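Welcome! Please take a look at the sequence and the model below, and then let us walk through some of the details together.

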Amino acid sequence: METKQLSRGQFLKQLGLSSAALMSFYCLGTGLTACSKGSDDPAPTTSPSGTTTGGNTSASADTGITGTSKGTSIDFTIDLTNSNFKSLKTEGSFTYVDDIIIANAKGAFVALSKICTHQGTTIDFRSGTNDFKCSNHGSEFKIDGSVQKDPATKALTVYKTELSTNGNSLRIKA
Ligand code: FES
């Protein structure tokens with residue numbers, strides 16, 4: 001009897017442990033839907049509010065870029081309040097988004113292909129002369145994309161820019 005009660009207690013104890021283990025297994029098993037409410041949204045990896053990027057540029061809120069910035073259907077918007085683009089509000093500053101150079105050229109935003117038409121080197125914006133220069137062989141381009149100085153002979157591709165009325169976002173499109 002004494003041994004029976006002991007073994008029963010042990011049995012119950014073991015049962016308790018095993019049921020707890022079962023419970024945790026159950027929780028793990030169903031946890032994919034029930035237990036992960038906190039992390040239920042694997043949204044950050046799949047960016048649910050994903051814009052139409054065509055698989056080109058991600059539309060994460062962190063980058064400050066929304067839209068397509070590569071390929072032939074370029075049409076994207078940059079958030080000028082985003083830390084990546086804040087400085088672009090300053091006249092004379094410039095930045096790159098994929099193969100595009102965006103410059104605040106004396107108050108007017110311009111966006112052109114950053115690829116020098118001579119041999120493909122990335123060009124820079126020069127605020128002092130309000131134009132673009134390729135450091136490789138010295139080609140220069142006006143802000144309208146036309147060649148100012150050879151050896152390049154072909155103009156840069158120019159994109160349309162559209163500043164929002166509040167001045168906080170800039171749309172660039174082909
Ligand atoms: S690659 Fe630009 S000037 Fe030659």
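## A sheet of four strands

Two strands count as a pair here if DSSP finds at least two bridges between them. With that in mind, this predicted model has an open sheet made of four strands, which follow one another in the order β6-β7-β8-β9 with antiparallel pairing. At the edges are β6, residues 124-126, and β9, residues 147-149, each of which pairs on one side only. As background, strands of a sheet pair through backbone hydrogen bonds, and they can do so in a parallel or an antiparallel way.

Look at the pair formed by β6 and β7: these two strands are joined by three bridges in the antiparallel sense. Within this region, D124 stands opposite K133 of β7. The loop between β6 and β7 is home to N130, a residue we will come back to below.

## Salt bridges

How many salt bridges does the structure hold? There are three. Let us begin with the one between the side chains of R171 and D75, where the N to O distance is 2.7 Å. R171 belongs to strand β11 (residues 169-173) and D75 to strand β2 (residues 75-79), so this salt bridge ties together parts that lie 96 residues apart in sequence. R171 has a relative accessibility of 29% and therefore counts as partly exposed. D75 is also partly exposed, with a relative accessible area of 29%.

R126, D131 and E140 are linked in a network of salt bridges. The side chains of D131 and R126 meet at 2.9 Å, N to O, while those of R126 and E140 meet at 3.3 Å, again N to O. This second pair links distant parts of the chain, with R126 in strand β6 and E140 in strand β8, 14 residues apart. Are the acidic partners buried or exposed? D131 is buried at a relative accessible area of 3%, and E140 is buried at 12%. R126, on the other hand, is partly exposed at 25%.

## Two nonpolar cores

In soluble globular proteins, nonpolar side chains tend to be buried together. Which residues of the largest nonpolar core touch the most other members? Of its 15 residues, they are F76, I78, I102 and I172. The elements that give two or more residues to this core are β2, β4 (100-105), β5 (108-113) and β11.

I78 is a good place to zoom in. Setting aside residues up to four places away in sequence, I78 touches a list of residues that includes I65, F85, L88, V97, I102, L170 and I172. G64, N168 and S169 are also among the residues that I78 touches. There is a second, separate core as well, with 13 residues, among them I101, A105, C116 and L156.

## Around S139

Next, find S139, which sits in the loop between β7 (131-133) and β8 (140-141). Its relative accessibility is 1%, and since buried means under 20%, S139 counts as buried. A polar atom of the S139 side chain lies 2.8 Å from the backbone nitrogen of A152.

Which residues is S139 in contact with, leaving aside its neighbours within four places in sequence? They are C116, H118, F132, K133, C134, K149, D150, P151 and A152. Two of these contacts, D150 and P151, return in the next section.

## Backbone details worth a look

Most residues other than glycine have a negative phi, and most peptide bonds are trans. Against that background, some places in the backbone deserve a closer look. The peptide bond from D150 to P151 is cis, and its omega is near 20 degrees. P151 is found in the loop between β9 and β10 (158-163).

Two residues that are not glycines have a positive phi: D98 at about 50 degrees and N130 at about 55 degrees. D98 lies in the loop between β3 (94-97) and β4, and with a relative accessibility of 28% it counts as partly exposed. N130, in the loop between β6 and β7, is buried, with a relative accessible area of 16%.

Terms used. Residues numbered from 1 in each chain as written. Predicted model: local features only at pLDDT ≥ 70, side-chain atom pairs only at ≥ 80, totals over all residues. Heavy atoms only, no water. Buried < 20%, exposed > 50% of the residue type's maximum accessible area, 1.4 Å probe, protein only. Polar contact = N/O pair within 3.5 Å; in protein donor to acceptor, adjacent residues only side chain to side chain. Contact = heavy atoms within 4.5 Å. Salt bridge = Lys/Arg side-chain N within 4 Å of Asp/Glu carboxyl O. Core = buried A, V, L, I, M, F, W, Y, C linked by side-chain atoms within 4.5 Å.
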